[in-house]
Amino acid sequence: IAVDTHLDVLAANALATALDPAMRVGENRMRSLFLDPAQHALYPDWVHCAPHLVATYRNKLGPDVDDPRAVQLVGELSLASEEFRRSWARHDVRQPQSKSVRVVHPQVGEMRLWMAKLQVDGTDGIEIIAHHAEPGTADADRLALLGSLVADPARSRTAVESGRH
């Protein structure tokens, strides 16, 4: 996916959206993570990752904390999420970094994926985020299965309807 400074999704491919339906154009990654119960089920370790996401957002904002979009987003999340409010109040700042995340996907099961971040030079804070699995692992097999389901939507419906993965 591609996100802007405020972690609004600017672009996403079909596999990213199949992995996480909130990774679609127009969604905000922080709003999704803090406010969407489906995200909490998908990312069971979200409460441990949330402070890092907020600290990364503070880093992306730099001195622009008075930016109208930042003020709106921080205000909305502060009112709606105690976890966000606590994380924001810590004033932590953190460089974006790659890390592993645990995903419990309703179609293919649990996976540990690496999330790599690439800052796009010459842009105003655009970042590319890619998820990948360690080659040769069950996680890689599950991610490949998800990719095949995206490539063949009829197979995806059949697998879901029959309860097979």
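Ser 100 has Trp 114 of strand 4 as its bridge partner. This pair belongs to a predicted model, and it offers a convenient entry to the sheet. Seven bridges connect strand 3 with strand 4, and the two run antiparallel. The link between strand 3 and strand 4 is a hairpin of three residues.

From Trp 114 the path leads onward, since the bridge partner of this residue in strand 5 is His 132. Strand 4, which covers residues 109–119, is joined to strand 5, residues 127–132, by six bridges in an antiparallel arrangement. Further along, Lys 117 faces Ile 129 of strand 5, and Gln 119 stands opposite Glu 127 of strand 5. Glu 127 is also the bridge partner of Val 3. With Val 3 the path reaches strand 1, residues 2–3, which is joined to strand 5 by two bridges and runs antiparallel to strand 5.

The whole sheet can now be stated. Five strands form an open sheet in the order 2-1-5-4-3, with antiparallel pairing. Its edges are strand 2 (9–11) and strand 3 (99–105), each of which pairs on one side only. In general, the strands of a sheet pair through backbone hydrogen bonds, in either a parallel or an antiparallel manner.

A helix is set against this sheet. Helix 7, residues 138–151, lies across strand 3, strand 4 and strand 5, and runs at about 80 degrees to strand 4.

The interior comes next. The largest nonpolar core comprises 37 residues, and those with the most contacts inside it are Met 30, Phe 34, Tyr 57, Phe 84, Val 103 and Leu 113. At least two residues of this core come from each of helix 1 (14–19), helix 2 (29–35), helix 4 (46–61), helix 5 (68–80), helix 6 (82–89), strand 3, strand 4 and helix 7. Helix 4 provides the largest share, six residues.

Two of the elements that supply this core, helix 5 and helix 6, also meet each other. Their axes come within 5 Å and cross at roughly 125 degrees. Helix 5 and helix 6 are therefore oblique to each other, and their crossing is left-handed. On the side of helix 5 the contact is made by Val 74, Leu 77, Ser 78, Leu 79 and Ala 80, and on the side of helix 6 by Glu 82, Phe 84, Arg 85 and Trp 88. Phe 84 is thus named twice, as it is also among the residues with the most contacts inside the core.

Val 103, another of those core residues, has contacts that can be listed in full. Apart from residues up to four places away in sequence, Val 103 touches Leu 19, Leu 42, Tyr 43, Gly 109, Glu 110, Met 111 and Leu 113. Leu 113 is itself one of the core residues with the most contacts.

What surrounds Asp 20, leaving aside its neighbours within four places in sequence? Asp 20 is in contact with Arg 29, Gln 39, Leu 42 and Tyr 43. Leu 42 and Tyr 43 are also among the residues touched by Val 103. The C-alpha atoms of Asp 20 and Val 103 are separated by 9.1 Å, although the two residues are 83 residues apart along the chain. Asp 20 is located in the loop between helix 1 and helix 2. Its relative accessibility is 0%, so Asp 20 counts as buried.

Terms used
Residues numbered from 1 in each chain as written. Predicted model: local features only at pLDDT ≥ 70, side-chain atom pairs only at ≥ 80, totals over all residues. Heavy atoms only, no water. Pairing = 2+ DSSP bridges. Helix = DSSP H or I, 4+ residues; strand = E, 2+ residues; numbered from the N terminus. Contact = heavy atoms within 4.5 Å. Axes fitted to C-alpha atoms, helices over the stretch in contact; angles between N-to-C directions. Core = buried A, V, L, I, M, F, W, Y, C linked by side-chain atoms within 4.5 Å. Buried < 20%, exposed > 50% of the residue type's maximum accessible area, 1.4 Å probe, protein only. Parallel < 35°, antiparallel > 145°, perpendicular 65-115°, else oblique. Left-handed = near helix turned anticlockwise from the far one by under 90°.
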